[in-house]
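Hi,

Here is the structure I promised to pass on to you. Have a look at it first, and then read on for what I found in it.

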Amino acid sequence: MITLILFTTGIALTSFIVPENKLWANSITQSATLSLLALIVLSNHWTSSWHNLSTILASDTISAPLIILSCWLCPIALIASKGHLNKTSDLSQRVFITLISIITGALIVTFSSLELLLFYIAFETTLIPTLILITRWGAQMERFQAGLYFMFYTLFGSLPLLISLVAIYVSSASLSIPSTELLWNVNSPMNVLTLWWTLSIIAFLIKMPIYGFHLWLPKAHVEAPVAGSMILAAILLKLGGYGLTRLIFLFSTASLNNLSLVLIVFCSWGALITSIICIRQTDLKALIAYSSVGHMSVVAAAIFSGTNWGLNGALMLMIAHGLVSSALFSLANTVYERSGTRTLAITRGLKLLLPLSTLWWLLMCAANLGLPPSPNLIGEILILSSLISWSIWLFPILGFATVFSAIYSLMIFQMSNQGTPSNNVANIPFSLSREHLLAVLHILPLIMLIVNPLAALISWLK
């Protein structure tokens, strides 16, 4: 883990040293090496509990796949951004690459932290570079409003979490994640535990986000550059799920007895409402952003169920959704760079103009709706099984949410690729090899999960 952190630091530093004509080739090569190094270093961490790398850093079966996902998305985000950043100044390009490296390093520290305080610091460190990406390289003037929404929503949830962590330390004299479980709450009143748990999870519910805490996400996604949207959807939203997975064991008594009923029902309804909202969207990026809210609401409900199947499904769906949503945003950026618009009514008939991209759209939309044999289906089956066994009354809510999810996923493909191209997109240039490489790099890990899905879950199922 120290190797990965130092390597990420090296990418950030060398981005200011490398000559301009070799900047992107060097940065993409280094970040690709980082992703391969993460695969090699963490390949044996899937099937055992904790691998202590230092006194404050370690990885286990939950954090290892998320660290690999973070490193895998770093070169992909750089490849996707090269097209529109070539028109900017040299300093702007170097700062952009540095910010992507800082976000990747902060994510590695967050997912591998053994101390809750270090986890909190790294968790909040991702806020600043992401805010700069949105406000500096956003597409329109609304990016400043989107940045304010993103900053204040995140800060609103961060202070209660910090207060909760201080209280945990006062109560247990330890903030170590492996050793803090249930050591401090045995003699605490139930109402105190419930309030404690509520304060602790607000930051994660906002970061995921679930429906009701989601207003910042569509604005941030729509206005962010393609790299910002990909990192937000693929990794930063998973910080909330990871934090909930870690902390639910610290507050298991309070969460399972007092708050699970309310939170699971709320998240399930949120998934249904968000799926209906997606059908009414006219902006392509906003539709993909709202679909992320729906998927993360289902993930949160699975985590709150506290069952082994629910946690397995949440982990699998987080990884699969990270790859699929990132691919959808990169494909949407391909359309936007050529047409200058994200309106679905205008960007139609792409199968006649970009035939190979139509194949990528089909595969990703099919994976997004959970078509067999995609890993999204495996995660959704595990989640739905755990939630319906928890309460049979959730069946109609989750059933309709799944149906509407399939409808809007098919709608994305049908509205963007079918029909006759409008005049303003009739003469767009052909797809680039770089854009096809992006799609392949997203599909390759999905194929690996399809071939051997238990690799990510084997230790949990034991």
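C278 is buried, since its relative accessible area is 0%. Please keep in mind that this is a predicted model. C71 is another buried cysteine, because its relative accessibility also comes to 0%. What is the closest cysteine sulfur to that of C71? The partner is C74, whose sulfur lies 7.6 Å away, and that is too far for a bond. A disulfide would need the two sulfur atoms within 2.5 Å. The count of disulfides for the model comes to zero.

Next, the charged side chains. In general, side chains of opposite charge can pair when their charged atoms come close. The count here is one salt bridge, and R94 forms a salt bridge with D90. Their closest N and O atoms are 2.9 Å apart, which is inside the 4 Å cut-off for a salt bridge. Both residues sit in helix α4, which covers residues 90-112, and because they are four residues apart they are separated by about one helical turn. Are the two partners buried or exposed? R94 counts as buried because its relative accessibility is 9%, while D90 is partly exposed, with a relative accessible area of 25%.

You may like helix α12, so I looked at it from end to end. This helix runs over residues 284-305 and has 22 residues. From the first C-alpha to the last, α12 reaches 32 Å, close to the 32 Å expected at 1.5 Å a residue. The helix is mostly covered, with 22 of its 22 residues buried. At the N-terminal end, D283 acts as a cap: one of its side-chain oxygens lies 2.9 Å from the backbone nitrogen of K285. After the helix comes G306, which has a positive phi, near 70°. As background, most residues other than glycine have a negative phi.

One residue within α12 is worth a stop. H295 lies in this helix, and H295 is buried because its relative accessible area is 5%. Its C-alpha is 9.1 Å from that of T274, and these two residues are 21 residues apart in sequence.

Two other pairs can be traced in the same spirit. L398 belongs to helix α17, residues 395-417, and counts as buried because its relative accessibility is 3%. The C-alpha atoms of L398 and S268 are separated by 6.5 Å, although the two residues are 130 residues apart along the chain. L42 is placed in helix α2, residues 23-42, and is buried because its relative accessibility is 0%. Between the C-alpha atoms of L42 and S63 there are 9.8 Å, with 21 residues separating the two along the chain.

Now for the peptide bonds. Most peptide bonds are trans, so cis ones deserve a look. Where do they occur here? A cis peptide bond joins M208 and P209, with omega about -15°. P209 is in the loop between α8 (190-207) and α9 (216-223). Another cis peptide bond joins P372 and P373, and there omega is about 0°. P373 is located in the loop between α15 and α16, the latter covering 375-390.

Finally, helix α15 brings us to the surface. L356, L359, L362 and L363 make a nonpolar surface patch of about 320 Å². One of these leucines, L359, is found in α15, which spans residues 355-368. L359 counts as partly exposed because its relative accessibility is 38%.

If you open the model with a short list beside you, these are the places I would visit:

- The R94 and D90 salt bridge in helix α4.
- The D283 cap at the N-terminal end of α12, then G306 after the helix.
- The cis peptide bonds, M208 to P209 and P372 to P373.
- The nonpolar patch that includes L359.

Happy browsing, and best wishes!

Key:
Residues are numbered from 1 along each chain as its sequence is written. This is a predicted model: local features need pLDDT of at least 70, side-chain atom pairs count only at pLDDT 80 or more; totals for chains, interfaces and linings use all residues. Side-chain values use heavy atoms; hydrogens and water are left out. Patches are made of residues with over 30% relative accessible area and no salt bridge: like charges are joined within 9 Å, nonpolar side chains (Val, Leu, Ile, Met, Phe, Trp, Tyr) within 5 Å. Accessible areas come from the Shrake-Rupley method with a 1.4 Å probe; for residues, only the protein chains shown count as cover. A salt bridge is a side-chain nitrogen of Lys or Arg within 4 Å of a carboxyl oxygen of Asp or Glu. Helices (H or I, at least four residues) and strands (E, at least two) are DSSP runs, numbered from the N terminus. Buried means under 20% relative accessible area, exposed over 50%, partly exposed in between (1.4 Å probe, protein chains only). The expected span of a helix is 1.5 Å times one less than its number of residues. A polar contact is a pair of N or O atoms within 3.5 Å; within protein, one must be able to donate a hydrogen and the other to accept it, and residues adjacent in sequence count only if both atoms are side-chain atoms.
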